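I set out to record what I looked up in this model, entry by entry. The notes follow the order in which I turned to each topic.

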Amino acid sequence: MELICIEKTDSTNNYLADLCDKEVVQEFTTVCANFQTAGKGQRGNSWESEAGKNLLFSFVTYPAFVKARDQFVLSEIIALSVKEALDCHISDVSVKWPNDIYWKDKKICGMLIENVLGDGGVARCIAGIGLNINQRAFLSDAPNPVSLAQITGKEEDLQAVLKDIMLFVAQYYEGLKLHTEVMTNYLTERYNQSLYRREGIYPFRDAQGAFEASILRVDPDGRLFLLDTEGKERSYLFKEVQFII
Ligand code: BTN
């Protein structure tokens with residue numbers, strides 16, 4: 001795995017995408033920056049991070065063996081890898097559907113996965129991860145952020161955490177390549193077991209307004225199924241429903 005460490009870029013996702021467009025880039029090549037001037041978040045949001053304090057990185061894979069309609073399995077791999085790397089340091093880490101990583105009710109990590117589809121499969125996947133590690137104060141308007149150091153009370157080694165995450169990613173990815181169907185089922189099951197608010201009734205909001213529901217499951221295509229307090233099953237794709245925290 002090649003690791004490219006840079007001081008500053010607009011976005012590590014953009015930096016890596018530009019590199020891939022210009023030259024042949026090996027799978028798992030990882031770009032890690034100390035600072036991003038225009039870090040990208042989900043839903044067109046920005047991602048802010050104090051210089052040198054957190055992990056800001058992107059890596060590339062070419063999972064042509066993953067069909068376009070199964071691409072959510074890539075999100076599952078990355079979310080589980082971050083969660084399981086953090087599990088080595090702290091407890092109470094979960095995956096908030098679809099792919100935030102939470103510690104208790106706070107967000108410790110966000111990810112932005114940008115796939116290029118081709119020939120029915122995923123031709124290129126650039127996964128960008130922003131993981132709060134040593135930042136102690138969050139001044140932006142990001143809701144409920146937390147860092148690893150705030151939880152453990154000590155300075156953490158950024159590169160060691162990056163290495164752990166990439167070991168999990170590589171294992172899951174190679175497993176998926178060899179045994180695509182079995183591993184897809186296994187990953188979906190593991191993802192479901194790792195979900196934030198997996199048990200109990202909580203408030204949600206959709207286009208019709210606020211309601212209370214429990215999580216039934218997330219399907220392999222990434223669709224979230226809820227059971228509301230009137231006994232009605234509701235299903236959602238990304239961005240169609242929000243957790244009220
Ligand atoms: C989110 O909104 O939760 C997703 C945040 C993703 C941020 C990471 S930081 C490294 C990579 N480069 C980016 O521009 N975004 C991702």
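**Charges over rings**

I began with Arg217, whose charged end sits over the ring of Phe225, 3.8 Å from the ring centre. I note that the model is a predicted one. I then turned to Arg234, which lies over the face of Phe211 at 3.8 Å from the ring centre.

**Aromatic residues**

Phe211 led me to an aromatic cluster, which Phe211 forms together with Tyr102, Tyr196, Phe204, Tyr236 and Phe243.

How many aromatic pairs does the structure hold? I found ten. For Phe28 and Tyr173, I looked up the ring geometry: the centres are 5.3 Å apart and the planes stand at 85°, so I entered the pair as edge-to-face. The cut-off for that class is an angle over 60 degrees.

I next asked where the two residues of this pair lie. Phe28 is in the loop between H1 and strand S2 (30-36), while Tyr173 belongs to helix H4 (residues 158-178), so the pair ties together parts that are 145 residues apart in sequence. I recorded both Phe28 and Tyr173 as buried.

**Thr12**

I located Thr12 in helix H1, which spans residues 12-22. Is Thr12 buried or exposed? Its relative accessibility is 2%, and the limit for buried is under 20%, so I count Thr12 as buried.

Which residues does Thr12 contact, beyond its neighbours within four places in sequence? I listed Val31, Cys32, Ala33, Gln36, Leu56, Phe57 and Ser58. With Ser58, I also found a polar contact between the two side chains, at 2.7 Å. An N or O atom in the Thr12 side chain is, in addition, 3.1 Å from a nitrogen atom of the ligand.

**The ligand**

From Thr12 I moved on to the ligand. I noted a polar side-chain atom of Gln36 at 2.8 Å from a ligand nitrogen atom. For Lys40, a backbone N or O atom lies 2.7 Å from an oxygen atom of the ligand. On its own the ligand has 420 Å² of accessible area, and I read that the protein covers 98% of this.

Which elements give two or more residues to the shell around the ligand? I entered H1, strand S3 (55-61), strand S6 (106-118) and strand S7 (121-131). The largest share, four residues, comes from S6. In total, 20 residues surround the ligand, and I recorded Ser11, Gln36, Lys40, Gln42 and Lys107 as the closest.

Definitions and conventions:
Residues are numbered from 1 along each chain as its sequence is written. This is a predicted model: local features need pLDDT of at least 70, side-chain atom pairs count only at pLDDT 80 or more; totals for chains, interfaces and linings use all residues. Side-chain values use heavy atoms; hydrogens and water are left out. Buried means under 20% relative accessible area, exposed over 50%, partly exposed in between (1.4 Å probe, protein chains only). A polar contact is a pair of N or O atoms within 3.5 Å; within protein, one must be able to donate a hydrogen and the other to accept it, and residues adjacent in sequence count only if both atoms are side-chain atoms. Contact means heavy atoms within 4.5 Å. Rings of Phe, Tyr and Trp (its six-membered ring) pair if their centres lie within 6.5 Å; planes under 30 degrees apart count as stacked, over 60 as edge-to-face and the rest as tilted. A charge sits over a ring if NZ of Lys or CZ of Arg is within 6 Å of the ring centre and within 35 degrees of the ring normal. A residue is near a molecule or strand if one of its heavy atoms lies within 4 Å of it. Accessible areas come from the Shrake-Rupley method with a 1.4 Å probe; for residues, only the protein chains shown count as cover.
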